[in-house]
Amino acid sequence: MEKRITGYCQLKNGKLFLNGKSLFEADIPVDEFLQKIVAEFEVKHPRFGKMDRLSKLGYTCAEILLKSLGNFKQYQPYEVSLVFANASSSLDTDFRFQKTLESIASPALFVYTLPNLVLAEICIKNGFKGENLFLVSDVPEANLFFEIINQMFAQNTTKACLAGWVEILGENYNCTLFAVEMPKDNSENQIEFNITNINKLFE
Amino acid sequence: MKRIWITGDALVTPLGFSSGENFASLLQGKSGLKQIALPVSGFSTWASFLSESQLKMLEEMTLPVFETRFEKLLFLPLKQVIEECDIDAKSSKTLFMFATTKGNIELIGNENVKTEQLSLFVSASKISRHFGNPNKPLVVSNACISGLAVQITAMKFLENGQYDTVIIAGADTVNPFILEGFNSLLALSPDPCRPFDRDRQGINIGEGGAAMVLSTIIPENGRNHLIEIKGSAITNDANHISGPSRTGLELAKAAELAMNQSGLLPGDIDFVSAHGTATLYNDEMEAKALTLSGLSKKPTHSLKGYLGHTLGVAGLIESIICIHSLRNNVIVASKGFENAGTLDQLNIITQNQYQPVSACIKTMAGFGGCNAAVCFSKS
């Protein structure tokens, strides 16, 4: 069996795309945009309000993608790995935490001053216990995802991978996530797992 | 699997400006921990940070272009390994990788600082460009497991043959952002930390820089004393964003996978370099995990009592000490331990143990429920 990109989801510039299809559009600030999407697509999480913006963005995008991928439930906990990247790490939250130092440091914000917390939120919700990596680069590098995901499948326990770019700093945001699996049968949304196709997702 | 050797290493910490100096200081039982009052809340804790004279030395040994303490702590150990270890930093088959949690965060809040100066990638590419490397560097920022996650990611790029050498550097600093943050979580110890001890009260923060070279090519000067990175794994607890697993099953799984990939059984492991942050929950979870992995009887230490918790670089610093233990056949004692303080008992050693050592495992856990384990062995 070959690795295929079995689905992809993007939240960028007030638009939501799932597998290339536009599902929602609103020219509003990112916090409002996420609120609307959460309501519209029934993205549920008891602690959603407590998450930082990076986690909200990545979690929402992951949930919409995972809902569209029925197969993801079949994997054992250690079979699902995650590799995410961005440019600004957790800087959006770092600035917010820094402001609280003027009065009382906020423990609730400090916890989110690490970019891999978005991975944790997705893992906790879905019970994913496989490898997780958070990388920082200037722009999404298709080659990087391709090589790392190939090695994840080659070593240890990975049978499915959730990967992509999750960036937010102020009003600038872009979340583009994709799933890689080795499906037994082909369905309409699958595309070949290669560098050219990963690059297209980030356009 | 390809064989991957550690062909160079360097450390800069309050205990010394080279790996050798650090290793000797640890064997002498020296600690970098000093008492410090927090700048905003006033809380009194201990931390391992560079003294005024060490900062001056760091300044003199680095270049003005690397302005911050973080960048200097990345640059100096890199300069040492590249100069001393016959490594072609300019080769297209060489990749630079970096591990840090917070980079230049010491600058945050300063009005004159541009957002760009806080970027982890900007610091990383400034340094890799300085050494003439043609490839875009990669930064791994995976909370407290960053220093192991960077080695694990480097192994992937060596395994697929895209690069034959990865030069890794990592650093994190002691600064108000980090100290006040950990204090807000009530995680700091008012005293020198006591990993795995009954009376442990929390973390001490530390700072330092480290560089490590991983390569699939054996250097000219032969394979004597060469140490291999044999296997590794990362898992997630999928349980809580900041609290560790209640069962330790997930860290145990990481240790099991790392040993499997290394072709090692628990019986082959001579010692465990634990995370041992000295918080109630981490040490308890780790004791459970090491017991589940069949490693609870192995001589075990935490180095946090010497160097504090150096966050994103802790995995690199502690791995380099493991490598020197393998080369010198001595296991460093754990500092700050007197009475067993976990439900599952570990064999925490309080004296340096001189004995043949051929393989060891380094474990870590971090915020976001992440766990990592790496095995090292003699060739």
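**Figure 1. Contacts of B:Ala372 in the predicted model**. Leaving aside neighbours within four places in sequence, B:Ala372 is in contact with B:Ile145, B:Leu148, B:Ala149 and B:Ile152. Its other contacts of this kind are B:Ile234, B:Ala254, B:Gly315 and B:Met364.

**Figure 2. The largest nonpolar core**. This core has 174 residues. The members that touch the most other members are A:Ala163, B:Ile168 and B:Ala372. Within chain B, both domain 1 (5–215) and domain 2 (227–378) supply at least three residues to the core. In soluble globular proteins, nonpolar side chains tend to be buried together.

**Figure 3. Another nonpolar core**. Apart from the largest core lies another, of 20 residues. Its members include B:Ala47, B:Cys193, B:Ile203 and B:Ile205.

**Figure 4. The surroundings of A:Leu162**. A:Leu162 belongs to strand 6 of chain A, which covers residues 160–169. This residue counts as buried because it has 29 C-beta neighbours inside 10 Å, and the cut-off for buried is 20 or more. Not counting residues up to four places away in sequence, A:Leu162 touches A:Ala62, A:Val80, A:Leu82, A:Leu177 and A:Ala179.

**Figure 5. A:Leu162 and A:Asn143**. In sequence, these two residues are 19 residues apart. In space, the distance from C-alpha to C-alpha is 16 Å.

**Figure 6. Confidence of the prediction**. The average pLDDT of chain B is 96, and 99% of the residues score at least 70. For the complex, the predictor gives an ipTM of 0.97 and a pTM of 0.98. Where pLDDT is low, the predicted coordinates should not be read in detail.

Note on methods: Residues numbered from 1 in each chain as written. Chains lettered and ligands numbered in written order. Predicted model: local features only at pLDDT ≥ 70, side-chain atom pairs only at ≥ 80, totals over all residues. Core = buried A, V, L, I, M, F, W, Y, C linked by C-beta atoms within 7 Å. Buried ≥ 20, exposed ≤ 12 C-beta atoms within 10 Å, placed from the backbone. Domains from an automatic or database assignment. Contact = placed C-beta atoms within 7 Å. Helix = DSSP H or I, 4+ residues; strand = E, 2+ residues; numbered from the N terminus. pLDDT = per-residue confidence, 0-100.
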